[in-house]
Amino acid sequence: MAVCDYQIGLEGIPAAQSKISHVDGQEGILEYRGVSIQALAQSSSFLETAYLLIWGDFPQEAELEDFKHDITYHRRVKYRIRDMMKCFPESGHPMDALQASAAALGLFYSRRALDDPAYIRAAVVRLLAKIPTMVAAFQHIRKGNDPIQPCDDLDYAANFLYMLNEQTPDPLLAHIFDICLILHAEHTMNASTFSARVTSSTLTDPYAIVASAVGTLAGPLHGGANEEVISMLEEIGSVENVQPYVDSLLARKAKIMGFGHRVYKVKDPRATILQKLAEQLFDKLGGDKYYDIAVEMERVVADRLGHRGIYPNVDFYSGLVYRRMGIPTDLFTPIFAIARVAGWLAHWKEQLEANRIYRPSQIYIGDHNRPYIPIEER
Ligand code: ACO
C-alpha cells in the first residue's frame, strides 16, 4: 500500500461489509437493518430493536415473547460476580467496573461453540440480560449497599430504573429511557464497534468482545463525551455565559463536548429525537436551567461552527435526559454500553458469518540499522 493511501484514524477506509446499520452523514439519516431510527424510536422497543439488529429481521410475536422471557430469566448475576465487585474501589469509574465484570462473565459461561446457533443465542441473551444488572449492582455496591434484585414483572428499561432506584419508575420515564436505548443501540463502524469486530475476528468468546468494546467506549472522544457535556453545562451555569464560554474554548482551540462527528455533517438525527424526549421529560417533571443553556449552546455553536459541519451529536442531549431522571453522571456511559451491547453482538454474529482475522498493515516511519548501545555508554 502506498503512503498516500494512509488515512489517520482510518477515516473513510471501509473496515467491513455490513448489513446492520447505515448512516448518511450529509442527509442526517440513520437506519438499523434498513429501518429508520425515527420509525424504531416511534414504534419499537429496545429488545425488539436488539433482535432486529442481531438476527436481521423483526421477530414474530412468539419469538419476541421467548426472547423477552429468556432475558428476564437470565437477569440475575452470580453472587461471585457481585462479591468480586465488592472488591472494586468505590472511587473506581463504573465503566471500568463494567469492563471487568463483563470479562468475568466469560469465566463462568465461556467455551466457545461459535458455529452453534444455540450458543450464540444463549450468549446474546446472557449479555443483554446481565449487563444492566451489573451496572445497577455496582452503583449500590460502591455506596456500601446490597444490589437490588431484578424485578421479573418489569420490562427491560423499567427494570433497570427499578434496580437503580428501588422504586418502580413512572411509565413515561421508562418509555423515554427505552427509546434512549434504541437510539444508542448501533452506529456503524464507530471505535467501540470496530474494537468489537477486531476482537470477534480472533474467534474469542463474546464476553471478551464486549469487555474490549466497553473499554473502547469509555474514552472521552467516544461514549465518555456525555458525562463531559454535563460538567460543561454545569460550569457554564447560565444562559448568559454560553457565548463567552464557547468563544473562549474556540480561542484555545479546545473541543466543545457533544458537538461534531466523524460522519454527520448535519445535526445527528438521534440528537433531534433526544431533544424532543428531553422536552417531554421536562414537561412532566418541570424545567431545568441546563436545558435552556444547552439550547443556547446549540445556537451559538451552530453560528460559530455550523459552516464546518459541527452540530450536536448523540451525546449532547442524552446526558440532560439522564440527569433529569436523577441518574448519576458517571453512569451515563455505562448506560450507553447497555444499549450498544446489541450493536456489538450484531457485529460479532456478522463477523463470524464471513470471518477473516483483522491484520492491517502499518507504514513504518522509524529508524533502521541502529547499533545496540551498552547501558554504561548511553
Ligand atoms: N468543538 C470544536 N471544534 C471541533 C469539534 C468540537 N466539538 N469537533 C471538531 N472540531 C474541529 C476540530 O478542532 C478540527 O479543527 P481543525 O481542522 O482546525 O484542526 C476539525 O473540526 C476536525 O475535527 P476532528 O477532531 O479532526 O474531527 P474528527 O472527525 O476526527 O472528530 C469527534 C470527531 C472526535 C467526535 C470530534 O468532533 C470531537 O472531538 N467532538 C467532541 C467529543 C464528542 O462529543 N464526542 C462524541 C462523539 S459521538 C460518539 O462517539 C457517540
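Let me start with a single contact in this predicted model: an oxygen atom of the ligand lies 2.9 Å from an N or O atom in the side chain of R308. Taking the ligand as a whole, the protein covers 70% of the 920 Å² of accessible area that the ligand has on its own.

Two further polar contacts belong beside that one. In H222, a polar side-chain atom is 2.9 Å from an oxygen atom of the ligand, while at L221 the partner is a polar backbone atom, and there the distance to a nitrogen atom of the ligand is 3.3 Å.

Now to the wider surroundings. The ligand is surrounded by 19 residues, and the closest of these are K255, I256, G258, F259 and R262. Sorted by class, that shell consists of 10 nonpolar, 5 polar and 4 charged residues. As for where this places the ligand within the protein, the space that the ligand takes up is the largest pocket.

That brings me to the annotation. In the unreviewed UniProt entry, the label "active site" is attached to H261 and D315. Although these residues span 55 residues in sequence, no two of their C-alpha atoms are more than 10.5 Å apart, and so they gather at one spot. Both H261 and D315 are part of the lining of the largest pocket, which is also the space taken by the ligand.

Where along the chain does H261 have its place? H261 is found in the loop that runs between helix 12, residues 242-251, and helix 13, residues 269-285.

To draw this together, the ligand takes the space of the largest pocket, and the lining of that pocket includes the annotated H261 and D315.

Technical notes: Residues are numbered from 1 along each chain as its sequence is written. This is a predicted model: local features need pLDDT of at least 70, side-chain atom pairs count only at pLDDT 80 or more; totals for chains, interfaces and linings use all residues. Side-chain values use heavy atoms; hydrogens and water are left out. A residue is near a molecule or strand if one of its heavy atoms lies within 4 Å of it. A polar contact is a pair of N or O atoms within 3.5 Å; within protein, one must be able to donate a hydrogen and the other to accept it, and residues adjacent in sequence count only if both atoms are side-chain atoms. Accessible areas come from the Shrake-Rupley method with a 1.4 Å probe; for residues, only the protein chains shown count as cover. On a 1 Å grid over the protein atoms alone, a cavity is a set of points where a 1.4 Å probe fits but cannot get out, and a pocket is an open set with protein on both sides within 12 Å along at least five of seven lines; lining residues have an atom within 4 Å of a point. A molecule sits in a cavity or pocket if more than half of its atoms lie within 2 Å of its grid points. Ala, Val, Leu, Ile, Met, Phe, Trp, Tyr, Cys and Pro count as nonpolar, Asp, Glu, Lys and Arg as charged, and the others, Gly among them, as polar. UniProt positions are given in the numbering used here, feature names are shortened, and annotations may be inferred rather than shown by experiment. Helices (H or I, at least four residues) and strands (E, at least two) are DSSP runs, numbered from the N terminus.
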